[in-house]
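Open the model in your viewer, keep the selection panel handy, and let us walk through it together. Each stop tells you what to pick and what to look for.

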Amino acid sequence: MTVKKMDFKTETKQILDLVVHSLYSHKEIFLRELISNASDAIDKAHFQSLTDKEILDDKNPWKIKIEVDKDAGTLTIRDNGIGMTKEDAIRELGTIAHSGTKEFLAAMQSKEVKENPELIGQFGVGFYSSFMVADKVTVISRKAGTKDKKGIKWESTADGSFTIEDVDKEEKGTEITLHLKDEEKKYLEEWEIRSVVKKYSDFIEHPIVMDIEREEEGKIDKSQKVKVKEEETLNARKAIWLKNKSDITEAEYNEFYKHLSHDYTDPAKVVHYKAEGASEFTALFYIPAIRPMDILYKEYKMGLTLYAKRVKIIEHCEALIQPYLRFVKGVVDSSDLPLNVSREMLQNNRQVETMKNSITTKVLGTLNDMKKNDYDKYLKFYHEFGRILKEGIHFDFSKREQIGELLLFPSTKTDKESFRTIEDYVGDMKEGQEDIYYITGTSRDEVLKSPYLEAFNEKGYEVLILLDDIDDIVMGQFEYKGKKFKSVIKGDITLDETKKDEKEKAQKKYGKILKLIQDHLEEDLKEVRLSGRLKDSACCLVADEGEMDPQMEKLLKSMGQDVPTRKRILEINPAHPLFEAMSGIFEKDKKSEVLKEYATLLYDQALLLEGSKPKDTVSFAKAIAKLMVDNAGQNS
Ligand code: ADP
């Protein structure tokens, strides 16, 4: 029999190092992770056995057994689940399925994970937590359906490599033996194991058993005590979602959430209901209080766990949840679905579609209630998940108004930490105001200084401040109860019809100057026109309605996308004294070089105001210095 030695992948080594050397608290969660893996393995075997009777190669009922060997100092977790082939073991136990390894490692090293190692379950590296308490781990496994008792043995001391060899194994399934470190021998004690199982794994549906030794009276001589071993089930095995709501305590609900999510904080909200009618099912789901650490990773596993008549069918069933609600965790147990459904079949399944709609409505309703009745809690939720929820405006047409009502915005009329809803905004709209105005940006303080807001402020129109990267795409196309969302930095805006005459006069007066600026900056600008949105500032740049806003353009460019550069519109404030002065120069010398310099400077200023850089920073600095010298000459 050959023993093959293999090296772990670099990132696996790093993870193992972290687990061994820096996770100190809550070490007992290793047992929860191993039991959870065993239970998943049984679910998979059970599910497969529904169509393939060969999987049931032994008569033993599904179970997870914990065995203790005090002399050897080992703890073994044994299951009769799906098992692993050699390839499975090398792949599943030797590598990490994660693309963003760097961020992942950083997250793993965070204070949060150090203080709450149960979080590592979220990253799909639960198995490695065994190395928190063991200096050697041995895995013996036989894949269900494999003939001739052929199994494999995987072993590692977390020193950078593992060994793998063929062994015989009587039954299908996996046994994982931990050679406990001297200081972790307490996990050989019955009471310790009992309490950890009770704490973390009470909800596991398969029995978690252990041989318990008891003393009994002797049969012949009653005064003689004899020791007998009895198998005892340690977990309550409650499918909590099938119980009556009134029989479940808040603590139980919360524990189940932690079991499902690998989160260590209590959820913000629990929703538990039974649907009857077209589709019969029970749903128990949770709205988390804090964002899971992995939700931004590509590998984030969204979806609810799907059961059909109490049999676990799919762990992360994406078809049950809208992607913009991907933070929701929970289970759904259907009475109608056949047991042999596959992931593919679920994609266009009517029952599943009905369940998904029902769940979407329930989640949105719950959030709305929370917003109305428990605003502080809702605010916390919104800080964590608002950006994700907002995607729904774009992707779920039928629910967009409902989602819109859940959004919170800072605005030009709120204090620093308070927010407005769209309903608030619409309720307070000024007479004659048709549209909902917004401005995009990266911080509230910066946005508030923006020249684009001048006319709106003067007029008393409120402007919503949108700070999320996706805002322009999502909100730009949104219409709430017939009211359009309009960006204040796009399109030609005239807020005051009465000022139309003034504008026409100004147009006559400055027409030639506008033309001169336009000719000079033809390469960069599509148009130079008088502005209806400026009051104090001299000029600003705007995009046409329907075009991308500069914020978005920058975001896409930073993501490496090829964004075509579009010419913009320069708007000039006719009320600014600068143009009176420029007119004066123009009257004297129609070809004045000074006017061209001014035109360039105006454009550079406008670029700065929108948060971009002047076209040529060196020339810009030189021109400013020259102006200062000229001015100093006049003043001295
Ligand atoms: P996760 O369970 O989140 O995928 P783990 O590190 O805990 O991450 O486990 C890695 C993989 O190893 C599992 O996905 C599974 O394929 C395999 N595995 C672990 N334990 C068992 C077991 N008891 N039986 C069968 N496969 C297992």
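**Stop 1: two helices that cross**

This is a predicted model, and the tour starts with a helix pair. Select H2 and H6: their crossing is right-handed. Helix H6 covers residues 190-201, and the two axes come within 9 Å and cross at roughly 65 degrees. Now show side chains. From H2, the contact uses Ile29, Leu31, Arg32 and Ile35, while H6 brings Ile193, Val196, Val197, Tyr200 and Ser201. Colour them by class and you should find seven nonpolar residues, one polar and one charged.

**Stop 2: the nine-stranded sheet**

Keep H2 on screen and add the strands. What is the order of the nine strands in the open sheet? Reading across, it goes S1-S6-S5-S4-S7-S3-S2-S8-S9, with mixed pairing. Strand S1 (3-7) and strand S9 (225-233) are at the edges; each has a single partner strand, so one side of each is left without a neighbour in the sheet. Turn the view to look along the sheet and follow the twist, which averages 25 degrees from one strand to the next.

For a closer look at one pairing, select residues 134-142, which are strand S4, and residues 150-156, which are strand S5. These two run in the antiparallel sense and pair over five bridges. Click on valine 137 and then on serine 156 in S5: the two are bridge partners.

**Stop 3: helices on the sheet**

Bring helix H2 (residues 29-49) back into focus, since it packs on this sheet. The strands it touches are S2 (64-69), S3 (74-79), S7 (173-180) and S8 (208-217). Compare directions as you rotate: H2 makes about 25 degrees with S3.

Next, pick helix H3, residues 86-94. This helix lies across S1, S4, S5 and strand S6 (161-168). Its direction runs at about 155 degrees to S6.

**Stop 4: stepping back to the domains**

Zoom out and colour the chain by domain. Domain 1 spans 3-233, domain 2 spans 240-397 and domain 3 spans 409-487. Domain 4 is assigned to two segments, 498-543 and 565-635. Show domains 1 and 2 together: their centres, taken over C-alpha atoms, are separated by 28 Å. How many residues of each are in contact? There are 28 from domain 1 and 27 from domain 2.

**Stop 5: a hairpin**

Select strand S10 (residues 269-275) and strand S11 (residues 281-287), an antiparallel pair with seven bridges. Lysine 274 stands opposite threonine 282 of S11. Then move to the turn of this hairpin, where five residues sit between the strands. Which residue there takes a positive phi? It is glycine 277, with a value near 110 degrees.

**Stop 6: the four-stranded sheet**

Another open sheet comes next, with four strands in the order S16-S15-S18-S17 and mixed pairing. At the edges are strand S16 (464-466) and strand S17 (479-480), each pairing on one side only. Pick strand S15 (residues 436-440) together with S16: the two pair in the parallel sense over three bridges. Tyrosine 438 is the residue opposite leucine 464 in S16.

**Stop 7: three helices, with H20 in both pairs**

Finish with helix H19 (residues 577-588) and helix H20 (residues 593-609), whose axes come within 10 Å and cross at roughly 155 degrees. H19 and H20 are therefore roughly antiparallel to each other, and their crossing is left-handed. On the H19 side, show Leu578, Phe579, Met582, Ile585 and Phe586; these meet Val594, Leu595, Tyr598 and Leu602 in H20. The contact has nine nonpolar residues, no polar and no charged ones.

Now swap H19 for helix H17 (residues 500-520). The axes of H17 and H20 come within 9 Å and cross at roughly 75 degrees; the two helices are therefore roughly perpendicular to each other. Leu516, Ile517 and His520 of H17 meet Leu595, Lys596, Ala599, Thr600 and Leu602 of H20. By class, this contact holds five nonpolar residues, two polar and one charged.

Note on methods:
Residues are numbered from 1 along each chain as its sequence is written. This is a predicted model: local features need pLDDT of at least 70, side-chain atom pairs count only at pLDDT 80 or more; totals for chains, interfaces and linings use all residues. Side-chain values use heavy atoms; hydrogens and water are left out. Two strands pair if DSSP finds at least two bridges between them. Axes are lines fitted to C-alpha atoms, for helices over the stretch in contact, and angles run from 0 to 180 degrees between N-to-C directions. Contact means heavy atoms within 4.5 Å. Angles under 35 degrees count as roughly parallel, over 145 as roughly antiparallel, 65 to 115 as roughly perpendicular and the rest as oblique. A crossing is left-handed if the near helix is turned anticlockwise from the far one by less than a right angle, and right-handed if clockwise. Ala, Val, Leu, Ile, Met, Phe, Trp, Tyr, Cys and Pro count as nonpolar, Asp, Glu, Lys and Arg as charged, and the others, Gly among them, as polar. Domain bounds come from an automatic or database domain assignment.
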